[in-house]
Every structure is written in structure tokens, then in C-alpha cells.
Amino acid sequence: MGENNSGGEVPANQTIYINNLNEKIKLDELKKTLHAMFSQFGKVLDVLAFKTLKHKGQAWVVFEDVSSATNAIRQMQSFPFYDKPMKIQYAKTKSDIIAKADGTFVPRERRKRHEEKGRKRKEQQDANQAGMGLNPAYPGAYGGATPLSQIPYPGGVKSMVPEAPAPPNNILFVQNLPHEATSAMLQMLFCQYPGFKEVRMVEAKPGIAFVEYENEMQSTMAMQNLQAFKVTPQNSMLITYAKK
């Protein structure tokens, strides 16, 4: 389900394709975090990510409707996700869940045979070109690395990450909040995870808060699901364990 963006314009659809993701993130954590982050734009039907080398650093998010996908691309393009700017576009391949819903689903075996024919035809064309001295260039599988000059520096987020992170514990330290954030607003976000106890804000230092859970397993679950959640289009939460 690779998505080389060298072709023409991809039509708007319910599925978005994301690449340039941090490959060190565990698959389960990646899928949970993407689901939590993109749910703010509409109902997420599925998040697809795979362990195979061909699909590393990529994911697909399937929305219920096209407008949610369009909004997500507009708002989250180049967003620094685990220190790498996300590259987002509409997916070229319709996801199975949508295809089944609209009656256009084709079983993978038939699709695979069709793709295999296309691949062999392309190899034959390349071989012919090479024989004529046209030796085609083969860039990286997904367009190669992005020049450093084109990667946007993620604002002040990076500078806020503590150099020596605190060990896992039951209290979370939340940063990069909008100044208008309130305890009630944060409580609504964090209380949906089990073990929530309270939110503490520091009046003298707007933009930060502490959120307490009953134990570190519960605080970790909340952190994984709400990491980088956009409270406003400009403010995505940065969550770490609090130093005790």
C-alpha cells in the first residue's frame, strides 16, 4: 500500500496517507497516538501502520467522511510529530473499510495479480530504456530524504523537552497549553482515561499544568493517547512525566 507521490493529483477521499514518521516509535503506540490526535477532526474508522521495511515511517488514517480528511491535511501538514514533520496527502488507494461500504471492494489476491502484471511491464520498459542509453534514475522508494532546509523547525516545542526526562510516575507534566486553557478544559480531556485524580495549574506560569493519576500505568496510557493533541490549531500538548 505504498504511496509514491510522483503521479498526478490524487482526488480527495476519506483516507489520508502520512509519511516521514519517526520509525523508532512502537507500532501500537504510533497507531494509538495517531488515532487520538486525528479524532479531533472527525470520526476515525481505522489507523493502518505496518512493521514491514517497505511501510516503515508511514501510516494511513481512515475517516468517516472526506471533509474530516481534508481538514486534517490542512491543519496537520508539517506538524512536528515525535520530532519529525509529518507529510500528509490523500491516499491513492481506497481503504478496504471504505471500499466494502461503497461496494467497490476487490479481494487482495486479485488486486495483487493485477499489480504484479503492472510491475513486470514497468521493469520491461526500464530495461528497454537502459538498453537505449536512457538509464533511468532510481530515487529512494518514497522520494528520498527531505533537504534539511525544507524541514520546519517545530517552534518552541523542542526547547521545552527536558534534557533528562523524569522516570515514569503517576503525575504528568503538560506544556505548550494556550494561555486561555482552564482546569475544566483539561479535566474533560484527561478524565476520559481510568485512574484520573486531578488537574493542577500554576497561575504564575500559564501554559503548563500537572495531571495526577492513581498509578503510572494509568498516567502512561493517558500520555500515549493525548501526546501532541491540538488544544487549539497553534497549541499541541507536550506531555512528559513530572519530576518529583
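How much accessible surface does the protein have, and what percentage of that surface belongs to carbon and sulfur atoms? The accessible surface comes to about 14600 Å². Carbon and sulfur atoms account for 54% of that surface.

This is a predicted model. The protein has 244 residues, and buried residues make up 38% of them. Its elements are seven helices and 12 strands. Take the contacts between residues at least 6 apart in sequence: 66% of them join residues at least 24 apart.

**The four-stranded sheet**

Start with the sheet. Four strands form an open sheet, in the order β2-β3-β1-β6, and the pairing is antiparallel. The edges are taken by β2 (44-48) and β6 (87-90). Each edge strand has a single partner, so one side of each is left without a neighbour in the sheet. On average, neighbouring strands of this sheet are turned by 20 degrees against each other, direction ignored.

In general, strands of a sheet pair through backbone hydrogen bonds, either parallel or antiparallel. Here, β2 and β3 (residues 59-63) pair in the antiparallel sense over four bridges. One residue pair can be picked out: Asp-46 has Val-62 in β3 as its bridge partner.

Two helices meet this sheet. α2 packs on it and touches β1, β3 and β6. The direction of α2 makes about 155 degrees with that of β6. Helix α1 (residues 27-38) lies across β1 (15-19), β2, β3 and β6. The angle between α1 and β2 is about 150 degrees.

**Helices α6 and α7**

Which residues of α6 are buried? They are Leu-186, Leu-189 and Phe-190. These residues cover an arc of only 85 degrees around the axis, which puts them on the same side of α6. An α-helix has 3.6 residues a turn, so residues three or four places apart point the same way. Ala-184 and Met-188, on the other side of α6, are exposed. The cover over the buried residues of α6 includes β7, β8 (196-201), β9, α7 and β12.

Now move to α7 (residues 216-226). Its buried residues are Gln-218, Ser-219, Thr-220, Ala-222, Met-223, Asn-225 and Leu-226. They pack against α1, β7 (171-175), α6 (183-190), β9 (209-213) and β12 (238-241). Among these partners is α1, the helix that also lies across the strands β1, β2, β3 and β6.

Both ends of α7 deserve a look. At its start, a side-chain oxygen of Asn-215 comes to within 3.1 Å of the backbone nitrogen of Met-217. Just after α7, Ala-228 takes a positive phi of about 70 degrees.

**Positive phi in loops**

Two loop residues also have a positive phi. Neither Ser-78 nor Tyr-82 is a glycine. The table gives their places and values.

| Residue | Loop | Phi | Relative accessibility |
|---|---|---|---|
| Ser-78 | between α2 (66-76) and β4 (80-81) | near 70 degrees | 33% |
| Tyr-82 | between β4 and β5 (84-85) | about 50 degrees | 22% |

Are these residues buried, partly exposed or exposed? Ser-78 counts as partly exposed because its relative accessibility is 33%. Tyr-82, at 22%, counts as partly exposed too. The cut-off for buried is under 20%.

Notes
Residues are numbered from 1 along each chain as its sequence is written. This is a predicted model: local features need pLDDT of at least 70, side-chain atom pairs count only at pLDDT 80 or more; totals for chains, interfaces and linings use all residues. Side-chain values use heavy atoms; hydrogens and water are left out. Buried means under 20% relative accessible area, exposed over 50%, partly exposed in between (1.4 Å probe, protein chains only). Two strands pair if DSSP finds at least two bridges between them. Axes are lines fitted to C-alpha atoms, for helices over the stretch in contact, and angles run from 0 to 180 degrees between N-to-C directions. Contact means heavy atoms within 4.5 Å. A polar contact is a pair of N or O atoms within 3.5 Å; within protein, one must be able to donate a hydrogen and the other to accept it, and residues adjacent in sequence count only if both atoms are side-chain atoms. Accessible areas come from the Shrake-Rupley method with a 1.4 Å probe; for residues, only the protein chains shown count as cover. The arc is that of the directions from the helix axis to the C-beta atoms.
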